[in-house]
Amino acid sequence: MKLAEFIISPILAFIIGIFLMGLSRRIMARIHRRYGPPLMQPVIDLVKLFSQRTVSHGPIFDIGVILSLAGTIALILFIPFGGMCPLEASGGLLVILYIMLFAPLGLALSGGEGANPNISIGISRKFILSLGYEVPFILIVLAVMTYYHTISAVDVVKAQSSFHWALFSLPLFLPGLAYILIIPAMLGIRPFDLASAPQEISSGPMAEYGGKYLALAEIEHAFSIFITIALFVDMFLGGSGNVVYFFLKVLVVFIIGLLINAVFPRFRTEQAVKFLWKWPSVMALAGLVIVLAI
Amino acid sequence: MSLEMLLVIAFGGAFLTYLLGKLSPVLRDILAVLLTLVILAIVALFYGRTGESSFMNFLGFNLSLRINTLSWLFAIAVATLGSLSTIFSLSYMKGKERLDFYYLMMLIVNASMLGIVFSGDLISFYVFWEIMSWGTFLLISYNRGPALAAGLKYIVMSIVGSTAYLLGMFSLYASYSTFNIADIASRISTASPGYLLSVLVLFSITFGIKNALVPLHTWLPDAHSEAPSPFSAVLSGILIKMGTYGFVISMYVLVGIKALSHLGHGILSFHFMLAILAAVTILVPTFIALMQDDAKRVLAWSSIAQVGYIILGIAIGTSLGFAGGMFHFLNHASFKALLFMAIGAVEYRTGTRDLNSLGGIIKKMPFTFMMTLIGALGLIGFPLTNGFVSKWLIYKTLILGKDPFLAFVALFGTWGTILYAYKILHNIFMGQLPEEYKGVEEAPFSMKFPMVILSIIIILFGILPGIPLKVINVIGVSLGFKSLAVNIWGIASDTGALNTINIFSAILVSWIVVWLIFKAAPTSLRVEQDNNYAAGSYVPTGRYLYTANFYAPVYRIIKPYVIDVVDIFYMALAGAVRTLCDWTRRMYTGELGSYVMYIMLFLAVLITMRLGFNIW
Amino acid sequence: MRKIIALIFLAILLWGITKPVSRIPFGTNKIKVAEHYITKDITETGAANVVTSVVVLYRGFDTLGEVTILFIAAIGLASILYLPRKKVSDEVLEESSLILRTGCRFLFPLILLFGAYIFVHGHLTPGGGFQGGAIIASGFALIFLSCRERVVSTVKLGVVESLAGMTFVAVGLIGLATGGYFLLSFLPKGTLNMLFSAGIIPVIYVAIGFKVGSELAGIIGNLMERTQ
Amino acid sequence: MVNPVLLIAVPLGLAFSLPIFGLISKRLEKYLPVIAMLFNLSLSVYLVPRVLTHPIIVYIGGWAPPFGIDLFVGPVGIFFSVIIALVGLLVSIYAMDYIKEGDTGKYHVLFLLLLTGAQGVVLTGDIFNLFVFYEILCISSYALVGYLRDRDGLESAIKYLVQGSIGTGLVLTGIAFIYGLYGTLNMADIARQINSIKPAANFITLALIITGLGVEAAIFPMNAWLPDAHSSAPSSISAILSGIAIEIGVYAIARVIFTIFGATDILSFVALVGIITLLVGEMSALKQNNIKRMLAYSSTGQIGLIVFAFAIATSYGIEAGLFQILNHSLSKALLFLAAGYMIYRTGSMEISSFEGMGKRMPLTSLGFTIGAFSLIGLPPFAGFASKFLIVKAALTKGGGLYTCLIALALVATVIEGAYFFRVVQVLYFRGSNENVTRQEAPVVALVPFFVLAVLIIAIGIYPGPVMHVLNSATSEFVHRIAYIQGVLR
Amino acid sequence: MSFLNANTYYIAAFGLIFIGLYIVMAKKNLVKVVIGLSFVDSGINLLLISIGYIKGGTAPIFSRPGISPLKMVDPIPQALVLTAIVIGVAVLALALSLVVKLYQQYGTLDIRKIRGLKW
């Protein structure tokens with residue numbers, strides 16, 4: 001049973017992630033009053049990319065992108081997801097926080113060897129942005145961990161069983177809202193798409209990617225969309241023992257997040273950081289203070 | 001083999017090395033390496049031994065050496081780094097001036113650090129401490145130029161520290177009329193909290209200075225960046241940890257965990273204040289490190305920040321925190337030494353460590369890059385490196401101990417760490433290779449070897465943290481902490497366990513999967529760096545680096561906030577003192593009449609005090 | 001300003017010294033040690049002049065130091081006024097008048113004789129080695145002033161000075177060797193008020209007389225020769 | 001048994017005979033001080049074990065005190081006379097090559113007499129005799145300071161002379177009062193009659209004497225002559241002045257306060273003065289560019305520390321003070337001697353001109369470094385032991401005053417560290433690192449460096465034998481009654 | 001008046017000392033300073049002598065038999081003064097030689113101008 005989870009959960013996560021990617025393009029298009037690509041478009045893209053031949057700049061160029069995806073897949077195993085959590089007793093949320101680093105670091109290393117000036121700029125922006133959203137994110141996670149007095153994600157989910165959802169508890173309401181605000185930043189989508197800004201620095205860290213590199217990066221992106229939202233669901237919406245139910249929660253959160261943020265233009269790097277350090281951080285901090293006060 | 005013999009070998013060998021250097025440089029190098037290896041072997045053989053023996057009588061006091069697991073742990077770190085840095089020196093220092101002196105001082109500092117951790121009383125601790133201080137001063141000054149100011153700053157602060165130590169030591173003596181650590185520890189339980197607090201504060205000044213705790217840190221950035229790289233490795237890796245050792249000794253051995261918990265309460269307790277200082281030590285230096293452009297300076301500031309983690313863990317006073325702090329001390333010793341050595345290797349080959357002018361060296365020094373990468377990952381606390389485990393322990397104890405703000409600072413500091421660690425990687429190794437570095441070569445073997453050893457340690461302790469944690473647990477228990485459920489793969493606990501083997505296997509498996517997918521796709525074509533984006537067009541050969549000023553936006557945000565206020569304050573203080581001193585000597589006007597009047601003044605004061613105020 | 005402060009200091013000093021001075025009434029009788037010297041002097045030293053016996057015997061060590069100080073002054077003065085390569089004035093000095101020169105030549109031996117008398121009779125009459133030496137030096141001063149062409153060799157004076165000093169120390173050492181005490185009066189006391197009496201006093205006073213005379217003469221000579 | 005009076009008589013006799021030897025052969029002159037000091041050293045060391053069992057009291061001329069002058073050769077006296085003979089010997093060896101200018105014969109005479117004076121001060125048991133030997137010490141140092149006869153030398157000599165004469169004048173006035181009040185000059189006899197300084201007359205007398213002696217001891221604010229004199233004298237003389245002369249001043253003050261007056265009431269004030277002296281000295285030294293002036297100010301500071309240690313007045317304190325005297329004598333002598341040849345080689349006293357000395361004169365620089373480290377109080381040098389003892393004494397004495405004062409003293413140590421380490425840096429690490437030709441000091445000068453350095457390290461590591469002597473010396477100061485009874489039995 | 005009569009010598013002695021000290025402190029000319037020192041010396045010598053004086057006393061010399069020792073003045077201060085005078089002479093000689101040399105070097109005797117060494 002446990003062994004099956006190791007295989008099922010990444011595959012399900014991949015499917016959901018790809019689906020959400022397709023969905024997001026669709027919804028964005030609708031908001032922009034376009035028709036938009038079909039839902040399967042990301043899959044089609046992947047197939048196409050994998051069949052292409054491309055260039056490489058050196059071993060780290062390869063290793064970095066593999067590392068990035070491998071880390072993200074491994075991360076799935078630590079996240080409670082529809083009753084599954086293959087590696088529950090291995091460090092909990094703190095490990096999740098750290099393994100989330102694999103993806104950006106791998107991409108950055110890989111891109112670094114690409115030596116394209118756009119990549120340098122992109123990486124720099126990506127890291128700065130991460131510094132920006134990590135402040136509220138850490139505060140949020142800390143609030144949750146302190147509130148439930150555990151560092152295990154599974155325990156957090158358990159504590160919210162029978163609809164004691166954290167989002168609707170007094171202390172964790174504000175952190176939950178803050179999390180929604182920073183989701184786009186964590187995913188690097190509008191209005192926080194400054195790292196990959198295609199029009200400006202030709203996709204930033206991914207500027208030198210083509211073929212399978214781009215494909216792996218896209219898969220990684222799909223995974224991170226899922227992970228980011230799954231974490232929210234686990235921490236604030238009580239997770240779920242049921243995969244379908246879990247998926248629904250993810251879907252709802254994703255769409256809400258998309259709708260809130262679709263209308264914003266792109267931030268400049270400093271603006272983004274300042275924004276992230278201001279509103280979401282203050283909300284999360286307030287939550288943390290309330291948690292401590294209780 | 002007794003402890004005395006070890007110290008005799010260490011000090012005597014140092015002088016022997018110096019004398020041999022006058023005969024033959026080659027023999028000197030061999031002896032130096034051999035000596036450090038012998039010391040390492042002896043210290044390793046000491047494992048598990050405990051005992052205390054008096055070795056000489058100084059001014060009527062018995063000086064004693066003692067060994068227990070705590071001192072063994074520090075000693076093995078000292079001996080390891082000592083031998084590795086000596087090996088690293090072989091080629092790094094080749095052709096520089098005064099090598100005999102350099103090796104002498106390296107070995108003396110090494111020996112004195114062993115003396116510190118093995119000393120069983122406060123006097124011998126002080127003696128070795130001072131020998132270490134002046135030896136370090138001479139080594140820091142070795143590079144001339146700006147190193148001189150750094151050395152002076154270091155030694156002045158060091159003397160301030162030893163002044164505080166002397167006062168603390170003698171106030172203990174005045175109360176207990178013994179200098180033996182164990183004796184004092186056994187008698188101190190009856191002392192009043194106020195007294196203990198004053199002693200602890202005095203000791204904290206001493207150890208805080210060596211340990212570069214924030215308001216006392218200002219010597220470190222200059223000293224670390226200006227010292228020769230192998231010595232920077234020692235300095236950052238182990239020498240500043242002598243302060244950590246001092247903190248452990250003074251807080252948990254001398255005063256003891258029980259008495260410590262009664263020093264104040266809540267946020268105003270001693271250990272909590274220390275933890276807050278440690279948190280500040282993490283936060284501010286991390287961001288100052290981010291703004292540096294000199295690789296060694298980045299690492300220097302980073303050392304301060306990492307030391308903050310160590311002290312944070314130790315100060316919080318739980319068994320998890322203590323284990324985390326102690327483990328982080330080992331880890332920091334390994335990865336920071338590795339990083340300093342790697343930067344040293346780059347500097348050795350390129351002649352610069354300016355982050356804004358380097359770039360693309362990965363093509364020329366892939367091995368060094370890998371080492372730097374491992375070191376940087378350890379520094380970040382990346383899973384599968386040892387830094388992760390220790391930080392995890394610290395975070396966990398902070399979160400569960402209801403100190404989320406400290407935890408936040410620690411975690412946030414880690415994100416700052418990611419930024420500067422990546423900056424080092426990127427600016428030195430990534431990006432374009434400037435024209436002038438087209439000819440650099442890989443580091444020589446004697447540099448590679450210590451780096452390999454250190455990187456193995458980093459990875460090994462990252463995957464199997466139980467090895468050191470078991471030792472640390474023994475120490476913790478001996479100091480009165482609760483025992484931890486240590487396994488070879490981490491820590492088992494009901495509030496969230498750690499299993500590094502799981503993490504390792506998860507990542508390994510996903511790696512293999514992804515790698516298979518990657519291999520299944522069509523193979524890619526290897527091209528030159530600038531072939532793609534420049535599309536074959538002319539690329540200017542001069543400065544075409546986009547690595548300069550790497551995090552410009554964040555600099556703009558944090559610049560007004562991350563100023564080393566303390567350093568500015570100290571510098572202003574030093575300036576004021578100097579002005580005051582200058583004014584003082586204006587008293588000697590050179591005029592004979594005034595001088596005679598000074599004499600009469602003294603007499604008049606005496607007479608007036610007696611006759612006018614009837615004082616005596 | 002400076003003067004006012006100086007006066008304030010002196011006023012305070014005056015205030016201070018009134019305390020001990022008021023405890024030392026002027027002209028009262030002497031106390032234990034002095035009484036001992038006066039009453040026991042004759043039996044112990046055989047010198048008629050108590051001051052001399054105090055100077056040379058009871059406090060002979062002080063006198064040795066005193067002689068040394070004068071020696072230091074002479075040597076120190078010579079070293080400070082030292083001129084490398086005999087640059088001693090070669091310029092022709094104006095000759096003094098015949099009367100002066102003749103008078104000086106006439107007086108010089110008399111002064112020397114008087115000085116010698118003073119120091120030889122130090123233990124009998126007021127006077128002694130220092131006084132006699134000073135008188136002798138005044139004779140030299142006369143010579144220096146009047147017969148300027150007749151340069152007295154400071155080297156020779158130095159030899160006399162050294163020999164006299166060595167004599168003093170040697171007398172002391174002989175005392176140490178014979179009686180176990182440095183500066184012991186090992187010679188017989190003789191009869192009171194005779195020239196050859198009072199133990200080593202005459203010997204030492206003769207040495208001091210030569211020494212002081214030569215030293216003071218040397219000082220004067222040096223000051224005259226080397227400061228032009 | 002050898003009579004300790006030879007410690008004074010032999011150098012004195014040799015000094016008197018030196019001009020005659022000078023007539024025989026100019027080269028002979030410079031060996032006489034060496035011989036004299038060698039004699040003194042061996043005699044002092046020979047006497048040490050005897051004196052430690054019970055002090056030797058020598059009657060000069062066979063007159064028992066209080067009627068004659070006595071030498072009190074106690075542990076203190078022998079301790080000082082060993083230091084004087086040792087430092088004197090080493091400096092006279094050094095001077096054999098160092099002194100080339102001027103009338104060298106006169107230099108050696110004055111040098112020998114200076115040491116004799118110092119020897120006499122520490123041995124004598126009569127206060128006026130002390131004054132006389134003190135004058136021998138002072139006057140010969142006036143002459144020696146001006147020995148080079150350059151502008152600085154003469155200027156500092158006359159300033160030193162005027163201040164010193166005022167000081168000795170005050171001392172003599174004090175002695176006159178003592179005589180007037182108590183009718184005796186023997187220290188033990190005076191001490192027998194004085195039991196406190198409560199009467200104003202006693203206090204004023206004491207004030208006059210310690211002010212006067214304070215001039216030579218360079219206690220603030222009477223130390224204005226010191227930086228001038230020490231910096232412009234020939235280096236060998238600076239070494240003696242710093243290493244011996246001012247310590248003699250401190251000895252005299254200690255003798256007057258402890259033995260004669262038993263004035264323990266005044267000691268907290270003395271401690272304060274000591275700390276002020278220390279602070280002023282070290283602070284003035286901080287920004288000096290002239291190395292000898294820096295060392296001179298440092299001497300002032302060290303004297304302050306010694307005075308402070310004495311003023312603690314517990315047996316720990318006096319012991320610490322004596323140890324610091326030993327340490328300061330050795331270290332400061334070494335520093336001045338080393339600096340002397342460096343100045344000789346570079347022709348400048350500016351610290352900045354010593355760049356690269358570590359290469360040019362490695363052994364000299366090493367000597368300087370060891371001296372500096374010892375003065376700062378770093379282990380394993382002698383300075384550490386003394387600093388250790390002083391802090392121990394101050395803190396075991398207890399009381400807020402002494403704790404504050406010792407904290408200030410340690411602050412001064414920080415300042416001292418700052419400037420000494422700066423010089424060490426200049427010696428070894430400043431300037432270009434190109435190869436410079438080695439111009440080491442001559443062997444004659446290296447011998448003292450070596451001996452002093454070895455002693456500093458040996459005493460630093462094994463202070464035991466020295467402590468043995470110091471214990472007895474301390475009890476001589478502490479046990480006033482024993483002293484009185486010893487002399488007047 | 002009796003105070004003056006009783007203490008004439010003391011007043012004179014301290015008068016000399018104070019005058020000397022004042023000169024040393026306040027005067028600018030080096031020769032005057034040296035003269036001041038000389039004043040101080042003389043004053044101290046006078047003080048010593050007057051401390052040893054006995055009203056109506058004689059010199060302590062047994063120049064002829066039968067002199068009563070009871071009326072002799074104290075011999076010790078006289079011996080001390082002898083020493084003090086010699087010391088004074090020595091210092092004076094040395095001081096004057098220094099002054100002479102200084103004048104040759106500086107061309108002035110003003111102590112405000114002889115200030116090569118300060119701070």
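Modeller: Two strands are said to pair if DSSP finds at least two bridges between them. The model here is predicted.

Colleague: Which strand of chain B pairs with strand 1 of chain A, and in what sense, parallel or antiparallel?

Modeller: Strand 1 of chain A pairs with strand 6 of chain B, residues 525–526, in the parallel sense and over 2 bridges.

Colleague: And which residue is the bridge partner of A:S56?

Modeller: That is B:R526, in strand 6 of chain B.

Colleague: How many residues of the two chains are in contact?

Modeller: On the chain A side there are 60 residues, in contact with 58 residues of chain B. Elements of chain A that give two or more residues to this side include strand 1 (55–56), helix 3 (59–76), helix 10 (211–236) and helix 12 (269–293).

Colleague: Which element gives the most?

Modeller: Helix 6 of chain A does, with 16 residues. By class, the side of chain A that touches chain B has 35 nonpolar, 18 polar and 7 charged residues.

Colleague: Changing topic to chain B: at what angle do helix 15 and helix 19 pack?

Modeller: Helix 15 (residues 319–350) and helix 19 (residues 445–463) of chain B pack at about 150 degrees, and their axes are 9 Å apart. Angles over 145 degrees count as roughly antiparallel, so helix 15 of chain B is roughly antiparallel to helix 19 of chain B.

Colleague: Is the crossing left-handed or right-handed?

Modeller: Helix 15 of chain B passes helix 19 of chain B in a left-handed crossing.

Colleague: Which residues meet there?

Modeller: Among them are B:F335, B:L338 and B:M341 in helix 15 of chain B, and B:M451, B:L454 and B:F461 in helix 19 of chain B. The residues of this contact divide into 13 nonpolar, 3 polar and no charged.

Notes. Residues are numbered from 1 along each chain as its sequence is written. Chains are lettered from A and ligands numbered from 1 in the order in which they are written. This is a predicted model: local features need pLDDT of at least 70, side-chain atom pairs count only at pLDDT 80 or more; totals for chains, interfaces and linings use all residues. Axes are lines fitted to C-alpha atoms, for helices over the stretch in contact, and angles run from 0 to 180 degrees between N-to-C directions. Helices (H or I, at least four residues) and strands (E, at least two) are DSSP runs, numbered from the N terminus. Angles under 35 degrees count as roughly parallel, over 145 as roughly antiparallel, 65 to 115 as roughly perpendicular and the rest as oblique. A crossing is left-handed if the near helix is turned anticlockwise from the far one by less than a right angle, and right-handed if clockwise. Two residues are in contact if their C-beta atoms, placed from the backbone, lie within 7 Å. Ala, Val, Leu, Ile, Met, Phe, Trp, Tyr, Cys and Pro count as nonpolar, Asp, Glu, Lys and Arg as charged, and the others, Gly among them, as polar.
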